[in-house]
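User: Hello! I am new to this structure and would like a close look at one single part of it, along with what surrounds that part. Could you walk me through it?

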Amino acid sequence: MIAKPEPPIIDVRHLSFRRNGRIVLHDVSFEIREHELVGLIGPNGGGKTSLLQTLLGVLHPYEGQVQILGREPQHLDNARGQIGYVAQTKQFDRDFPARAKDVVLMGTFPQIGFGKLPGAKEKAQAYEALEQVGMRDRASRPIGRLSGGEQQRVFIAQALVSHPRLLILDEPTAGVDREGEESLIRLLTRLKTESDLTILMVSHNVSLIRSHTDRIVALNRDLIFAGAASGLTDQVIAEVYHPHPAEAPGA
Amino acid sequence: MLDRLSDMLSLAFMQRAFLGGVLVGASCAFLSVFVVLRRLAFVSQGVSHAAFGGVALAVLVGVNPSLGALVFSVGTALAIGGVSRRRSWVEDSSIGIFLAVSMALGLLFLGLKHGSATGLYGYLFGSILSILPSDLPWMIGLTLLVFVVLFVFVKELYFYVFDETMARVAGVPVDGLYFGLLLLLAVTISLGMKLVGAILVTALLVIPGATARFLTSNIVVLIPLSIAIGVLGVLIGLTLAYLGNVSPGASIVMVLFLGFLAAFFMSGRGS
């Protein structure tokens, strides 16, 4: 008997999204299966962050069908805890009164519920997540006093603390030096195996994505490419970063 | 000196002022932690000035001025929140507009009220005699409301003021928390106005949190420290107002400001 294949973790079919009458995403279809490390690339304004926000249920309504963990993004409810998210721009005040462990602990708040404070269980989870990203020894440092790469690790720990199945990262290597970038991607590769994670990450660093991910999704409003990382040729990359027809002079 | 202090404590209106002051100081100072972290100082300024319009309207139509202040504060807080949520850049501008319009309305209402508008000075700048026995039950009720709401949502508010995007994605109801904060601001402003006045009540919503922020980076310490600073500032300020026969609003604000300056220099940021 042949086992029925597991449904994809992310299933996007004919997704289109407009903002203020402008096409942000046009007829995008792809799927991501369990335990894959997938890179999402594309130029600025190519729809990467909008795609992530649609998957997270922040942007709607949209045209087409989107399923994440078998549900529509705006009806994730309890399944929301199975998704860890690390946002692109950290707008937080560098002087904010929070230590690394406080930031990680915030990731447990939705599971605790209103009116209760984190207890020993949640604190142990926070230390465990900091350990996973190699930041346990800096748990009591103020978040604003850490380097860009260290802050990013703390935010990954915040996303990991609820033991998600899916980790979504929007440009985690932005503002991190080359050494930090390599170290972060090695961390993600290790997490994928050790924690049984599916990872979707946006990056501008195409060579990094090409050499470390299993599959790549390339967007420039339209879906340009979705397939094995080895299939991303220089020709495809040129097409991805070519100005979209709607942006071309005289369009 | 001790005799004067003893006299002060035996006076019924001073006992009420101290009890009311502790309630006002504690609830404003708790909220001020989030006002400082979410940078809502200007919002609180706008809402408190709107309260003046409500007081003037209440005087004109002959209802309780505190009720007028509460209705106008809540209305303005919701209007600022509603406009800001639609267009993020508008928060600052909308406050400037609502602040000026409410003050203008207040002056218009006062103009329509023929004769003197006795007692309005107290609503603008505070009065030591203003807290009546009938005020205490609702002051206790509103303080309890502020404390219960802040306690129930304290960790979600902390997440929200740290990183709104992440909190939203994690399922924290950030829009509800934003409006909740604005409503609590309106409630505490109408509470504090009787004692320190509409013009000066913002100080109670900003200085304790800002002072505590200079003294600690630990959120678990920050909240009780801010409350202690707020309550102490009100108690010392009220005492000095009685002894010096000056406006309690002015004296409370100056005491809080001296504490703020001390914390600023103690934290090493003044050097």
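Here is the part I would like to understand: what covers the buried residues of H11(B)?

Analyst: Happy to help, and please keep in mind that this is a predicted model. Let us begin with the helix itself.

Helix H11 of chain B runs over residues 201-215. At 1.5 Å a residue, its 15 residues should span 21 Å, and the end C-alpha atoms are 23 Å apart, which agrees. Along the way, H11(B) bends by about 25 degrees at B:Ile207. A proline, B:Pro208, follows within four residues of that bend.

Is H11(B) mostly covered or mostly open? It is mostly covered, with 12 of its 15 residues buried. Among them are B:Val201, B:Thr202, B:Ala203, B:Leu204 and B:Leu205. Both B:Ile207, where the helix bends, and B:Pro208 are buried too, and so is a charged residue, B:Arg213.

Now to your question about the cover. It includes helix H2 (12-37), helix H3 (41-61) and helix H10 (174-196) of chain B. Helix H12 (219-244) and helix H13 (248-266) of chain B also take part.

One contact of H11(B) can be followed by name. B:Leu205, a buried residue of H11(B), is touched by B:Leu185. Leaving aside residues up to four places away in sequence, B:Leu185 also touches B:Leu31, B:Leu40, B:Val43, B:Ser44, B:Val47 and B:Ala77.

That brings us to the wider core. The largest nonpolar core has 159 residues, and B:Leu185 is one of those with the most contacts inside it, as are B:Leu31 and B:Ala51 of chain B and A:Val104, A:Ala157 and A:Ile168 of chain A. The element that gives the most to this core is H2(B), with 14 residues; H2(B) is also part of the cover over H11(B).

For contrast, look at B:Val63, in the loop between H3 and helix H4 (65-86) of chain B. B:Val63 counts as exposed because it has 12 C-beta neighbours inside 10 Å. Not counting residues up to four places away in sequence, B:Val63 touches B:Ala58 and B:Gly68.

Finally, chain B has a partner: 20 residues of chain A are in contact with 20 residues of chain B. On the chain A side, helix H2 (100-106) and helix H3 (109-112) of chain A each give two or more residues. By class, that side has 14 nonpolar, three polar and three charged residues.

Terms used:
Residues are numbered from 1 along each chain as its sequence is written. Chains are lettered from A and ligands numbered from 1 in the order in which they are written. This is a predicted model: local features need pLDDT of at least 70, side-chain atom pairs count only at pLDDT 80 or more; totals for chains, interfaces and linings use all residues. The expected span of a helix is 1.5 Å times one less than its number of residues. The bend at a residue is the angle between axes fitted to the seven residues ending there and the seven starting there. A residue is buried if 20 or more other C-beta atoms lie within 10 Å of its own, exposed if 12 or fewer, and partly exposed in between; C-beta atoms are placed from the backbone. Two residues are in contact if their C-beta atoms, placed from the backbone, lie within 7 Å. A nonpolar core is a set of buried Ala, Val, Leu, Ile, Met, Phe, Trp, Tyr and Cys residues joined through C-beta atoms within 7 Å.
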